[in-house]
Amino acid sequence: MDQCDECGFDYAGVSAADLPRLLAAAGERYATALGGVADLRRRPAEGVWSPLEYTCHVRDVLRVQTDRLVLALTVDQPEFTPMGRDERAVTDAYNEQDPPVVLAALATAATDLAARFSALDQADLARTGVYPWPEPRARTLLWLGQHTIHETEHHLLDITRASGAAPAR
């Protein structure tokens, strides 16, 4: 995946130097987006997550991507385990979680991952792991960072669509 047909995200448009700044901004951007939503737990349609569920998912994506990054820096060509996104939403009761706690955890995870990416050099960014989505494929840590930014951007769009609000910038 080099570009998202749905949201227009262009992976090549995010450089290694952009990653720390964009990741670090995720906490504030999600807080702003959720601040404009009247009912954080309302699912706009069958099979569509609520804004709170999308926020929980992004928090968990940030955590899982951090684990994957650490693994790829310590093991050659690791195979990353799928995160079980749909299962987590149910088993972790995403829609029942406390929004301020979720936002704080998202901001912490984003800041942590931003710091880790800021410490990487070109050789580190070129390290690979087998990413499970959309099909198993060796991906660089640079791509992992770009994909993480895509996740944050795409799900902000999902939140604005679910709430009917203007996109958060």
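Residues count as buried under 20% relative accessible area, as exposed over 50%, and as partly exposed in between. By that scale Ala93, at 31% relative accessibility, counts as partly exposed. The structure discussed here is a predicted model, and Ala93 is a convenient way into its backbone geometry. Ala93 is found in the loop between H4 and H5 and has a positive phi of about 45 degrees, although it is not a glycine. A similar description applies to Gln77, which lies in the loop between H3 and H4. Gln77 has a positive phi of about 50 degrees, again without being a glycine, and its 42% relative accessibility makes it partly exposed. A further backbone feature is the cis peptide bond from Trp133 to Pro134, with omega near -5 degrees. Pro134 belongs to the loop between strand E1 (128-131) and strand E2 (137-140).

Stepping back to the overall fold, the protein contains seven helices and two strands, which follow the pattern α-α-α-α-α-α-β-β-α along the sequence. The radius of gyration is 16 Å, close to the 15 Å that the globule rule gives for 169 residues, so the protein is as compact as a globular protein of that length. Its C-alpha trace spans about 45 × 30 × 30 Å along the principal axes. Of the 169 residues, 46% are buried.

The aromatic side chains deserve a closer look. A pair of aromatic rings is described by the distance of the centres and the angle of the planes. A search of the whole structure returns six aromatic pairs. In one of them, Tyr11 and Trp143, the ring centres are 5.8 Å apart and the planes meet at 15 degrees; since planes under 30 degrees apart count as stacked, this pair is stacked. Tyr11 lies in the segment before helix H1 (19-24) and Trp143 in helix H7, so the contact ties together parts that are 132 residues apart in sequence. Both Tyr11 and Trp143 are buried.

Another of the pairs, Trp49 with Tyr94, has its ring centres 6.1 Å apart and its planes at 75 degrees, so the arrangement is edge-to-face. This pair also links distant parts of the chain, 45 residues apart: Trp49 sits in the loop between H2 and helix H3 (51-74), and Tyr94 in the loop between helix H4 (85-91) and helix H5 (99-118). Trp49 counts as buried at 11% relative accessibility, and Tyr94 is buried with a relative accessible area of 0%.

Ring pairs also join Phe9, Tyr11, Phe80, Tyr131 and Trp143 into a cluster. Trp143 has a charged neighbour as well: the charged end of Arg139 sits over the Trp143 ring, 4.1 Å from its centre.

Turning to internal space, a search of the whole structure finds one cavity of 30 Å³ or more, with a volume of about 30 Å³. Its lining is formed by Leu22, Ala26, Arg29, Ile149, Thr152, Glu153 and Leu156. Helix H2 (26-35) and helix H7 (141-163) are the elements that give two or more residues to this lining, and H7 supplies the largest share, four residues. In chemical character, the lining residues divide into four nonpolar, one polar and two charged. Helix H7 thus appears in two of the settings described here, as the element that holds Trp143 and as the source of the largest share of the cavity lining.

Notes: Residues are numbered from 1 along each chain as its sequence is written. This is a predicted model: local features need pLDDT of at least 70, side-chain atom pairs count only at pLDDT 80 or more; totals for chains, interfaces and linings use all residues. Side-chain values use heavy atoms; hydrogens and water are left out. On a 1 Å grid over the protein atoms alone, a cavity is a set of points where a 1.4 Å probe fits but cannot get out, and a pocket is an open set with protein on both sides within 12 Å along at least five of seven lines; lining residues have an atom within 4 Å of a point. Grid points are joined across faces, edges and corners, and a volume is the space filled by probe spheres set on the points. Ala, Val, Leu, Ile, Met, Phe, Trp, Tyr, Cys and Pro count as nonpolar, Asp, Glu, Lys and Arg as charged, and the others, Gly among them, as polar. Rings of Phe, Tyr and Trp (its six-membered ring) pair if their centres lie within 6.5 Å; planes under 30 degrees apart count as stacked, over 60 as edge-to-face and the rest as tilted. Buried means under 20% relative accessible area, exposed over 50%, partly exposed in between (1.4 Å probe, protein chains only). A charge sits over a ring if NZ of Lys or CZ of Arg is within 6 Å of the ring centre and within 35 degrees of the ring normal. The radius of gyration is taken over C-alpha atoms; the globule rule is 2.2 Å times the number of residues to the power 0.38.
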